[in-house]
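Q: Please give me a close look at one part of the protein below, namely the empty space in and around it and the elements that border that space. I work with computed models, so please include the cut-offs behind each term.

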Amino acid sequence: MPSKKALVRRPSPRLADGLVTHIEREKADADLAVEQWEAYVEALGTHGWETVEVDPEDDCPDSVFVEDTVVMYRNVALITRPGADSRRDETAGVEEAVARLGCSVNWIWEPGTLDGGDVLKIDDTIYVGRGGRTNAAGVQQLRAAFEPLGARVVAVPVSKVLHLKSAVTALPDGTVVGHIPKVDRPSLFPRFLSVPEESGAHVVLLGGQKLLMAASAPKSAELLADLGFEPVVVDISEFEKLEGCVTCLSVRLRDLYA
């Protein structure tokens, strides 16, 4: 049986000091962010996910974006080496959490950099965004870790957004969804569906046809509902001010060994 565990990490009180790269800075409300994070965690739990809270890193403003610190493939956890120096201290607590869950642990080493938000898995194909926080050495090391396990790693360009999964994610049938102005090369994906809002490109697969989505993408949610999917909507406005989306607030561990 597939596992349904999700790593999450409580927002730092310094959230408003988080990095922004491709957008204008807006002041994030740390208290409202905690409320939104709790609602996000509740949504995961309501739909059958057991959340595992990683120890907080209050001195790391971006630490709530836990997805960037580890990439999972089957039972193997690849601890990343974030492309931003200020985020390097975020990985230790995540390494401890996945080790406690019985994962085999590997690491990205210098000079490699890799952010988990640059990694999109569709079955055994792993797309890796190259051009922002993830460098060529990071892609090479990810390939060395996962291709012997049966993965096919495909590097794709990212220049218009922070991470690959800021531009595209995938539906349960493997169709990639994206907002065309933010996607470098839609033709790289065998099946691609354009959505009308940037945040509509961000979906978390909750199981069945249920998709966790941001409240900022009502037109995209309507489109996907018309196609037979079931959007589960959460407000993550304070995280969006820091280029965050629904995917980066958790790490879904679907293939842990029993």
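A: Here is a walk through the pockets, the elements beside them and the cavities.

Happily, the ground rules are short. This is a predicted model, in which local features need pLDDT of at least 70 and side-chain atom pairs count only at pLDDT 80 or more, while totals for chains, interfaces and linings use all residues. Residues are numbered from 1 along each chain as its sequence is written, and side-chain values use heavy atoms, with hydrogens and water left out.

First, the setting. The protein has six helices and 15 strands (DSSP runs numbered from the N terminus, helices being H or I of at least four residues and strands E of at least two). Its radius of gyration is 17 Å, which agrees with the value near 18 Å for a compact globule of 258 residues (taken over C-alpha atoms; the globule rule is 2.2 Å times the number of residues to the power 0.38). Along the principal axes, the C-alpha atoms fill a box of roughly 40 × 40 × 40 Å.

Now to the empty space. On a 1 Å grid over the protein atoms alone, a pocket is an open set of points with protein on both sides within 12 Å along at least five of seven lines, a cavity is a set where a 1.4 Å probe fits but cannot get out, and lining residues have an atom within 4 Å of a point. Points are joined across faces, edges and corners, and a volume is the space filled by probe spheres set on them.

The largest pocket holds about 820 Å³ of space. Its lining counts 36 residues, and Lys121, Ile122, Asp123, Leu205 and Arg254 are the closest to its centre. At least two lining residues come from each of β3 (70-73), β6, β9 (168-170), β12 (204-207) and β15 (251-253). By class, the lining divides into 18 nonpolar, seven polar and eleven charged residues (Ala, Val, Leu, Ile, Met, Phe, Trp, Tyr, Cys and Pro count as nonpolar, Asp, Glu, Lys and Arg as charged, and the others, Gly among them, as polar).

Two of these strands deserve a closer look, starting with β6. The sheet that holds β6 is open, with three strands in the order β6-β7-β8 and mixed pairing (two strands pair if DSSP finds at least two bridges between them). β6 (119-122) and β8 (152-157) are its edges; each has a single partner strand, so one side of each lacks a neighbour in the sheet. From one strand to the next, the twist averages 25°. Strand β7 (residues 125-130) runs parallel to β8, and six bridges link the pair; Ile126 has Val153 in β8 as its bridge partner. Helix α3 (residues 136-146) packs on this sheet and touches β6, β7 and β8, its direction making about 165° with that of β7 (contact means heavy atoms within 4.5 Å; axes are lines fitted to C-alpha atoms, for helices over the stretch in contact, and angles run from 0 to 180 degrees between N-to-C directions).

The loops around β6 have two backbone features of their own. Asp123 sits in the loop between β6 and β7 and has a positive phi near 55°, although Asp123 is not a glycine. In the loop between β5 (104-107) and β6 lies Pro111, which is joined to Glu110 by a cis peptide bond with omega of about 15°. As background, most residues other than glycine have a negative phi, and most peptide bonds are trans.

The other strand is β12. β12 and strand β13 (residues 210-214) pair in the antiparallel sense over three bridges, with Gly207 opposite Lys210. The two strands make a hairpin with two residues between them, and Gly208 in the turn has a positive phi of about 60°.

The second largest pocket has a volume of about 250 Å³. It is lined by 14 residues, with Ile23, Glu198, His202, Glu240 and Glu243 closest to its centre; by class, the lining has four nonpolar, five polar and five charged residues.

Finally, there are two cavities of 30 Å³ or more. About 120 Å³ lies in the largest cavity, whose 18 lining residues include Asp68, Arg87, Leu162, His163 and Glu243 nearest the centre. That lining has six nonpolar, five polar and seven charged residues. The second largest cavity holds about 70 Å³; among its 13 lining residues, Pro157, Leu164, Val183, Asp184 and Arg185 lie nearest the centre. Here β8 returns, since β8 and α4 (164-167) each supply at least two lining residues. This lining divides into ten nonpolar, no polar and three charged residues.
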